[in-house]
Amino acid sequence: MLSASRLRLAAIWSTVAAWLVLGYLAWFVAPDWSNAPDVSAPLTRKLLFYHPASAWASFLAYTLVFAASIVYLRERDLRRDTFARSAAEVGFLFNTIALATGTAWGWAEWQRAGQNAIATIYTDPKVVVVLIMWFVFAAYLMLRRLVDEPERRARLAAVFGILGFTCAPLSFLASRVLASSLHPDVAGPGANADAAVGAQVGMIIGFSMIAYTLLFLALFLQRLRLARLEERIELLEVS
Amino acid sequence: MSADTTTFFIGFTIIFGALGLYLWRLDRAGKKLEERIEELEKQKK
């Protein structure tokens, strides 16, 4: 069986390899949209291979927070809380990247078209739900710093973690139920056939999800190691 | 510089900048914690 340090190392190296392949696919294999008549920001469109996958990685992280929070509330084992905290921190990073890259991309698309890009982006139901999720997890991370008593902190954080996670399925549903969403549904139930991106682009987007999953794993394992070190210090300080 | 080039640059700076910063923060925190453990273990002996 792999030891924790070997698993961490394997996650780091597979992430580096996957991201190099992703870079190659995005820049040398994916179509060059600079001559496409319907594409107004061909360079920024390359974010297609990075922006949805960062949202995916944040949802994956928050799913782990949700599961670990439920287990914590049932078992009251602080190790579950440590697990949830590590996943939440990394998930928050990906959530921030998804929002920021989406804003940059939306700015390129709609500012040029003479619209108020920020208003267009931040009235999209999917973006609103993801923004609410971002605020809930910002509060989650903040309250962890503000509450000193470990059991109380873990209990409060678990409630915030569960609440925050409910935004993930809502975000999935938002663009499928509400026609006003700017986000095309390219896969899964309720997918819009007009939004199809083609097999090659679809394959690269799929690969970007794998690359981001590996990156999430590498960062999460590293964060978990730090949490274990912090626990060791606490033990050494009280003993 | 066109709007497309600017947003492209901003978008990718956000991705790699945020990831780089976070990795640097993790590395720095890890080193500090290891030093602290060493210090506490020395005190115990």
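What share of the contacts in chain A with a separation of 6 or more comes from residues 24 or more positions apart? In this predicted model, such pairs account for 74% of those contacts, two residues being in contact if their C-beta atoms, placed from the backbone, lie within 7 Å. Residues are numbered from 1 along each chain as its sequence is written, while chains are lettered from A and ligands numbered from 1 in the order in which they are written. Since the model is predicted, local features need pLDDT of at least 70 and side-chain atom pairs count only at pLDDT 80 or more, whereas totals for chains, interfaces and linings use all residues.

Confidence is a good place to start. Chain A averages a pLDDT (the predictor's confidence in each residue, from 0 to 100) of 91, and 95% of its residues score at least 70. Within chain A, the mean is lowest in helix 7, at 88, and highest in helix 2, at 98.

Chain A holds eight helices and zero strands; helices (H or I, at least four residues) and strands (E, at least two) are DSSP runs, numbered from the N terminus. Its C-alpha trace spans about 70 × 35 × 30 Å along the principal axes. The radius of gyration of chain A, taken over C-alpha atoms, is 20 Å, which agrees with the value near 18 Å for a compact globule of 239 residues; that rule is 2.2 Å times the number of residues to the power 0.38. Two of the helices can be checked against their expected span, 1.5 Å times one less than the number of residues. Helix 2 of chain A, with 25 residues, should span 36 Å, and its end C-alpha atoms are 36 Å apart. For the 16 residues of helix 6 of chain A, the expected span and the distance between the end C-alpha atoms are both 22 Å. Just after helix 2 of chain A, Arg76(A) takes a positive phi of about 55 degrees.

Turning to the interior, 38% of the 239 residues in chain A are buried, meaning that 20 or more other C-beta atoms, placed from the backbone, lie within 10 Å of a residue's own (12 or fewer is exposed, in between partly exposed). The largest nonpolar core, a set of buried Ala, Val, Leu, Ile, Met, Phe, Trp, Tyr and Cys residues joined through C-beta atoms within 7 Å, has 63 residues, and Ala84(A) is among those with the most contacts inside it. Helix 3 of chain A gives the most to this core, with 15 residues. Beyond four places in sequence, Ala84(A) touches residues including Val65(A), Tyr72(A), Ala157(A), Ala158(A) and Gly161(A). Of these, Ala157(A), Ala158(A) and Gly161(A) are among the buried residues of helix 6 of chain A, whose cover includes helix 2, helix 3, helix 5 and helix 7 of chain A.

Chain B has one helix and zero strands, and its C-alpha atoms fill a box of roughly 65 × 10 × 5 Å along the principal axes. Buried residues make up 11% of its 45 residues. The contact between the chains takes 28 residues from chain A and 20 residues from chain B. Helix 8 of chain A gives the most to the chain A side, with 10 residues. Thr7(B) lies in helix 1 of chain B and counts as buried because it has 25 C-beta neighbours inside 10 Å. Leaving aside neighbours within four places in sequence, Thr7(B) is in contact with chain A residues including Ala41(A), Thr44(A), Trp105(A) and Ala108(A).
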